Amino acid sequence: MTEDFRLEITPDTGQGKYSNLAVVSHTGNEFVFDFALSLPNQPAVVVSRLLTSPQHAKAFLRALSENVAHYENSFGVIEEREPRMTGSSTQTN
């Protein structure tokens, strides 16, 4: 059973940031999601970094997986492309 809650967002945050590259790393205590913008012939620039607990990371994984399945049921299979660079790394704490 989920609790009802209100989610408020500031106008600036509501504008969002575009990202076409994500790097996921972790320590023993948290997961780090770096969302970056990668443009040709330029270094990728991190536009947002999120840190969260392992429990929230796993819940995020489940929610993302469910949403991708719903999207594909509505709009068709999302074609994957070969990544240009690795999307995960491991850090030690």
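**Exercise 1.** Classify Arg 49 as buried or exposed in this predicted model.

*Solution.* Take the relative accessibility of Arg 49: 52%. The cut-off for exposed is over 50%. Arg 49 therefore counts as exposed.

**Exercise 2.** Find the salt-bridge partner of Arg 49 and place both residues in the chain.

*Solution.* Step one: the side chain of Arg 49 meets that of Asp 34 in a salt bridge, 2.5 Å from N to O. Step two: Asp 34 sits in strand S2 (residues 31–37) and Arg 49 in strand S3 (residues 45–52). The two residues are 15 apart, so the pair links distant parts of the chain. Step three: check the burial of Asp 34. Its relative accessible area is 12%, and buried means under 20%. Asp 34 is therefore buried.

**Exercise 3.** How many salt bridges does a search of the whole structure find? Describe the one formed by Glu 8.

*Solution.* The search finds 2. Glu 8 pairs with Arg 6; their closest N and O atoms are 3.5 Å apart. Both Glu 8 and Arg 6 are exposed.

**Exercise 4.** Work out the strand order of the sheet and identify its edges.

*Solution.* The sheet is open, with 3 strands in the order S1-S2-S3 and antiparallel pairing. S1 (21–26) and S3 each have a single partner strand, so they stand at the edges. On average, neighbouring strands are turned by 20° against each other, direction ignored. S1 and S2 are joined by 6 bridges. Ser 25 has Val 32 in S2 as its bridge partner.

**Exercise 5.** Which strands does helix H2 touch?

*Solution.* Helix H2 (residues 54–75) packs on the sheet and touches S2 and S3. Its direction makes about 55° with that of S2.

Notes
Residues are numbered from 1 along each chain as its sequence is written. This is a predicted model: local features need pLDDT of at least 70, side-chain atom pairs count only at pLDDT 80 or more; totals for chains, interfaces and linings use all residues. Side-chain values use heavy atoms; hydrogens and water are left out. A salt bridge is a side-chain nitrogen of Lys or Arg within 4 Å of a carboxyl oxygen of Asp or Glu. Buried means under 20% relative accessible area, exposed over 50%, partly exposed in between (1.4 Å probe, protein chains only). Helices (H or I, at least four residues) and strands (E, at least two) are DSSP runs, numbered from the N terminus. Two strands pair if DSSP finds at least two bridges between them. Axes are lines fitted to C-alpha atoms, for helices over the stretch in contact, and angles run from 0 to 180 degrees between N-to-C directions. Contact means heavy atoms within 4.5 Å.
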